[in-house]
Amino acid sequence: MSFLRRNLPGMLVMGIPLMWIALFMLLPYGIIVTYSFWLKKYPTFIPAFQFGNYITIFTDPQYVRVFLRTLKISVLVSAASFLLAYPFAYYLVFRCRSVALRTWLYMAVIAPLWVSYLLRAYIWKTILGTEGVLNSFLMSLGIIDEPSSLFLYNQFAMVVTLTYIFIPFMVMPIYTALEKIPTNLTEASADLGMGPWRSFWTVTLPLSLPGVAAGFTLTFCLSFGDFIAPFLVGGPDGNLIANVIATQFGAALNWPLGSALAIVMLVVVLTIVSLSDRMERKGMTGGV
């Protein structure tokens with residue numbers, strides 16, 4: 001009884017979060033895993049234990065193509081976000097001397113997160129459209145004679161839109177990682193005769209890899225699970241795996257196949273997160 005009385009506060013504090021996780025995370029995952037083994041029998045589905053849904057995913061070319069397309073788009077978005085975010089974060093940490101300017105520039109990247117996701121995606125549909133800013137600008141320069149539809153409803157539009165939407169999640173961890181690098185390390189490398197570029201490649205970049213890994217993981221996973229941007233700017237050949245899952249649970253009424261797709265998607269995301277975690281740990285321990 002005394003043991004219970006001593007540990008009751010801790011049990012209550014931990015009990016509520018654990019109940020929340022069990023009810024709203026573990027239970028839904030369990031239901032999805034169960035459905036993934038069921039059979040579709042028109043107009044509904046029946047309980048079963050078989051791997052037909054998973055076999056369909058890996059043998060049907062259309063699902064393989066969708067998965068490969070989703071992986072490609074997610075990697076391109078992550079790479080584009082990195083190429084834009086790293087120089088920006090590096091400038092803020094090491095080159096921007098004005099604290100006020102640094103704060104304003106950082107907030108300029110974070111502020112779009114306060115705006116509706118749908119609005120941010122729709123902005124690029126307006127910019128890239130036939131009557132959008134890009135076409136109007138190119139026509140004013142005389143590069144094109146009439147509005148072009150090449151900028152919208154394709155994978156290029158999806159990469160641009162998703163990069164704009166998710167780049168804050170690349171900037172924040174890289175900025176944090178760069179900010180934690182002691183200045184005496186770069187000063188010591190300069191004292192040893194290293195030039196700026198060599199110092200960057202041998203000191204700054206390796207020490208910032210945990211932030212890069214975290215940013216890549218965030219942008220990749222968010223892009224991998226996105227379904228709104230492909231719907232708005234992707235066009236007929238722009239469906240990603242999340243769009244297919246939504247279709248299976250909606251119009252197709254094939255919950256078992258949709259569940260199997262969701263589980264495969266979850267495994268891919270968990271694999272990326274695990275690899276990122278290992279890279280971050282390796283970076284923080286100096287490769288030990």
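**Exercise 1. Decide whether Ile241 is buried or exposed, and say which residues Ile241 is in contact with.**

Solution. Start with the accessibility: in this predicted model, Ile241 has a relative accessible area of 0%. The cut-off for buried is under 20%, so Ile241 counts as buried. Next, place the residue: Ile241 belongs to helix H12. Now list the contacts, setting aside neighbours within four places in sequence: Val66, Phe67, Thr70, Phe224, Leu261 and Met265. Finally, take a distance along H12 and beyond: Trp255 is 14 residues apart from Ile241 along the chain, and their C-alpha atoms are separated by 15 Å.

**Exercise 2. Find which residues of the largest nonpolar core touch the most other members, and which helices supply this core.**

Solution. Begin with the membership: the largest nonpolar core has 20 residues. Those touching the most other members are Tyr54, Ile57, Phe67, Phe224, Ile241 and Leu261. Then turn to the helices: at least two residues each come from H2 (52-59), H3 (61-95), H10 (196-224), H12 (241-249) and H13 (255-284). H13 has the largest share, with eight residues. Look at one member more closely: if residues up to four places away in sequence are not counted, Ile57 touches Tyr63, Val64, Phe67, Leu257, Ala260, Leu261 and Val264. Another core, of 19 residues, lies apart from this one, and its members include Leu128, Leu138, Ala229 and Leu240. As background, nonpolar side chains tend to be buried together in soluble globular proteins.

**Exercise 3. Compare the expected span of helix H7 with its end-to-end distance, then say what covers its buried residues.**

Solution. Take the length first: H7 covers residues 155-166, which is 12 residues. The expected span is 1.5 Å times one less than the number of residues, so H7 should span 16 Å. The C-alpha atoms at the two ends are 16 Å apart, in agreement with that value. Next, collect the buried residues of H7: Ala157, Met158, Val159, Thr161, Leu162, Thr163, Ile165 and Phe166. Their cover includes H3, H5 (117-128), H8, H10 and H11 (228-234).

**Exercise 4. Work out where Ser223 is placed and which residues Ser223 is in contact with.**

Solution. Ser223 sits in helix H10. Its relative accessible area is 0%, so Ser223 is buried. Leaving out neighbours within four places in sequence, the contacts of Ser223 are Ser74, Val77, Leu162, Phe166 and Leu240. Two of these can be matched with the previous exercise: Leu162 and Phe166 are among the buried residues of H7. Leu240 can be matched too, being one of the 19 residues of the other nonpolar core.

**Exercise 5. Describe the largest pocket: how much space lies in it, and which residues are closest to its centre?**

Solution. The volume comes first: about 580 Å³. There are 25 lining residues, and Tyr90, Phe94, Arg95, Phe200 and Thr204 are the closest to the centre. Sort the lining by type next: 15 residues are nonpolar, five polar and five charged. Then trace the lining to its helices: H3, H8 (168-179), H9 (183-191) and H10 each give at least two residues. H3 contributes the most, eight residues.

**Exercise 6. Locate Tyr153 and Leu253, and say what phi values they have.**

Solution. Take Tyr153 first: this residue lies in the loop between H6 (133-140) and H7. Its phi is positive, about 60°, although Tyr153 is not a glycine. With a relative accessible area of 44%, Tyr153 is partly exposed. Now Leu253, found in the loop between H12 and H13. Phi of Leu253 is also positive, near 55°, in a residue other than glycine. Leu253 has a relative accessible area of 44% and counts as partly exposed.

**Exercise 7. For the pairs Leu76 with Phe220 and Glu187 with Trp38, give how far apart they are in sequence and in space.**

Solution. Leu76, in helix H3, is partly exposed at 40% relative accessibility. Leu76 and Phe220 are 144 residues apart in sequence, and their C-alpha atoms are 8.9 Å apart. Glu187, in helix H9, is partly exposed as well, with a relative accessible area of 48%. Glu187 and Trp38 are 149 residues apart in sequence, with 62 Å from C-alpha to C-alpha.

Technical notes. Residues numbered from 1 in each chain as written. Predicted model: local features only at pLDDT ≥ 70, side-chain atom pairs only at ≥ 80, totals over all residues. Heavy atoms only, no water. Core = buried A, V, L, I, M, F, W, Y, C linked by side-chain atoms within 4.5 Å. Buried < 20%, exposed > 50% of the residue type's maximum accessible area, 1.4 Å probe, protein only. Helix = DSSP H or I, 4+ residues; strand = E, 2+ residues; numbered from the N terminus. Contact = heavy atoms within 4.5 Å. 1 Å grid on protein atoms, 1.4 Å probe; cavity = no way out; pocket = protein on both sides within 12 Å on 5 of 7 lines; lining within 4 Å. Points joined across faces, edges and corners; volume = space filled by probe spheres on them. Nonpolar A, V, L, I, M, F, W, Y, C, P; charged D, E, K, R; others polar.
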